[in-house]
Amino acid sequence: MAAAAAAAAAAAAYANLKLHVTPEKFYVEACDDGADDVLAIDRVSTEVTLTVKKDVPPSAVTRPIYGILGTIRLVAGTYLIVITKKKKVGEIFSHAIWKATDFDILSYKKTMLHLTDIQLQDNKVFLSMLNHVLSVDGFYFSTTYDLTHTLQRLANTSPEFQEMSLLERADPRFVWNGHLLREFAAQPEIHRFATPVMHGFITMHSCSINGKCFDWLLISRRSCFRAGVRYYVRGIDSEGHAANFIETEQIVHYKGSKASFVQTRGSIPFFWSQRPNLKYKPKPQISKSVNHVNQKGSEKPLEQTFAKMVANMANGMVRYVAFDFHKECSRMRWDRLQILMDQLAEQQDEFSYFLVDSDGKIVTQQEGIFRSNCMDCLDRTNVIQSLLARRSLQAQLQRLGILHVGQRIEEQADFEKIYKNAWADNANACAKQYAGTGALKTDYTRTGKRTQWGLIMDGWNSLIRYYKNNFSDGFRQDAIDLFLGNYSVDEVEPASPLHVQKDWKFLALPIIMVVAFSMCIICLLMAGDTWTETMAYVFFWGSASSGTFAIILYNGKDFVDAPKLVQKEKMD
């Protein structure tokens, strides 16, 4: 046990840090008990070395920080990104879990005088992109626990794996600062200064049922492969990474026993795209040849392609269940979701869940995973996942002796409220990170029924999604691509991709439409000498306004905010 504890301590990242800033170097001091290490970062050569506390100049400006997110190169040179504020989420098996709530981006350069005005402007835009990504809620980390792996994966590892640093052993799919830490990764001796950060959602609750106290956790890990925003990242890439891929794990901890149930969500896994074009629902384009898409309308071709693909695979390991969510649950008949649950019951029992007893002995393993998807893998997907997770939790709590025979989770009012709100919060977090707004249908997740107020809020969120998807998502996609290293800034690049010349119609047509519409209203309010003359003016300006609007809609792709940094081919 002592040897295992020593190995775990050596693998942990430093939890307490101080940043010392001098004109020549950044010094990051490890303040954990017994630590004497100091990370020295040369602000001129960018070299990173290990030194000791006595080498830190007394003239340095000092402040506490809570982790190093990494480094990134922009037009002005290299920048160091650090975590400056954190909030404790809770503990997993006595390991503290933190949410990073504020960051600082520090320039290696002491002056910007070497930049032209255009370079200064570009650097400012790139900095705003980084700040935008960091402002999106949902960055979590632990200095002693590997958040990127499920309990089952961690239980099936070698002693050598346990001795690795958190950075080495982390699942690269879920390390959002993996690109920023690439230089740290190349130097094993400084790994304890590198903190892997995941993006997604974590909630923890100490609960009680029948006087028995247990911890209930929900963790959603968002993949950084093919990451992006709703309409600009769909389907899969050439390496098979799916857009909006999220691994969600539900954990129960009771008297040393641990149970886990894992699900995934991800964009329909083939080559397709759905570029915004000012229409409310752009038509999906299938590029090359468990799912909750509609089996009619714009979603029908996707459902048919997916069903055909699975059938052609003829792989007994992959089973496909189609459920037309909107058709089955139309007119607020959400009780009909039980049809799908009944359909999946036998399969879920066969998949089981992961369970390890208080002695560390593995009792059961999860033998399969439900991969749910709708179009966005947000609203409908979250509803289904919460129902599958509830059914698994029912079995786990009974097996652990927390629920008595015949008792149902739904009857435990206090826990039921915690459960529903946690899954609704999970839905909101995943939706904000991908679509830019909170999730739809969360009234059902929170209360178990559809409400009129919920419908109104869905309409409001849909309106905001429409605006963001068409007029701000290009910037959001660029920000994610820059942060994750899909685009690298070249200081000597002659022409910045940020400076894209807009076509004349981008400026002219909206102005013509607004002027024509305004004239139409003026003609209605200020009537002419005769009714015929007034109607002639209204008809003329109304026709000009609607005609211009039709031209704008026809050329919709030219009017939306499109990404500038990564080429379309790479994104498809």
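This report describes aromatic pairs, charges over rings, a buried glutamine and salt bridges in a predicted model.

**Aromatic groups**

The structure holds 17 aromatic pairs. One of them joins Phe-214 and Phe-415, whose ring centres are 5.7 Å apart, with 55 degrees between the planes, and the pair is classed as tilted. Both Phe-214 and Phe-415 are buried. These two phenylalanines belong to an aromatic cluster that also takes in Trp-216, Tyr-419 and Trp-423.

Lysines are also found over aromatic rings. Lys-86 lies over the face of Trp-98, at 3.7 Å from the ring centre. The charged end of Lys-258 sits over the ring of Phe-93, 4.4 Å from the centre of that ring.

**Gln-250**

Gln-250 is part of strand 12, which spans residues 246-254. Its relative accessibility is 1%, so Gln-250 counts as buried. The side chain of Gln-250 makes a polar contact of 3.4 Å with the side chain of Trp-216. Leaving aside residues up to four places away in sequence, Gln-250 touches Trp-216, Tyr-419 and Trp-423, among others, and these three are members of the aromatic cluster. The contacts of Gln-250 also include Leu-217, Leu-218, Ala-259, Ser-260, Phe-261, Ala-389 and Leu-393.

**Salt bridges**

The count comes to 23 salt bridges. Three of these are listed below.

| Acidic residue | Basic residue | N to O distance |
|---|---|---|
| Glu-91 | Lys-88 | 3.0 Å |
| Glu-247 | Arg-153 | 2.8 Å |
| Glu-416 | Lys-420 | 3.3 Å |

Glu-247 and Arg-153 meet in a salt bridge. This pair links distant parts of the chain, with Glu-247 in strand 12 and Arg-153 in helix 3 (residues 151-155), 94 residues apart. Glu-247 counts as buried because its relative accessibility is 3%, whereas Arg-153, at 26%, is partly exposed. Both residues belong to a network of salt bridges that also links Asp-171, Arg-173, Arg-221 and Glu-249.

Glu-416 and Lys-420 are 4 residues apart in helix 11 (residues 413-434), so about one helical turn separates them. Glu-416 has a relative accessible area of 7% and is buried. Lys-420 is buried as well, with a relative accessible area of 14%.

In the bridge between Glu-91 and Lys-88, Glu-91 is partly exposed, with a relative accessible area of 41%. Lys-88 is likewise partly exposed, at 42% relative accessibility.

Note on methods. Residues numbered from 1 in each chain as written. Predicted model: local features only at pLDDT ≥ 70, side-chain atom pairs only at ≥ 80, totals over all residues. Heavy atoms only, no water. Phe/Tyr/Trp six-rings, centres within 6.5 Å; stacked < 30°, edge-to-face > 60°. Buried < 20%, exposed > 50% of the residue type's maximum accessible area, 1.4 Å probe, protein only. Lys NZ or Arg CZ within 6 Å of the ring centre and 35° of its normal. Helix = DSSP H or I, 4+ residues; strand = E, 2+ residues; numbered from the N terminus. Polar contact = N/O pair within 3.5 Å; in protein donor to acceptor, adjacent residues only side chain to side chain. Contact = heavy atoms within 4.5 Å. Salt bridge = Lys/Arg side-chain N within 4 Å of Asp/Glu carboxyl O.
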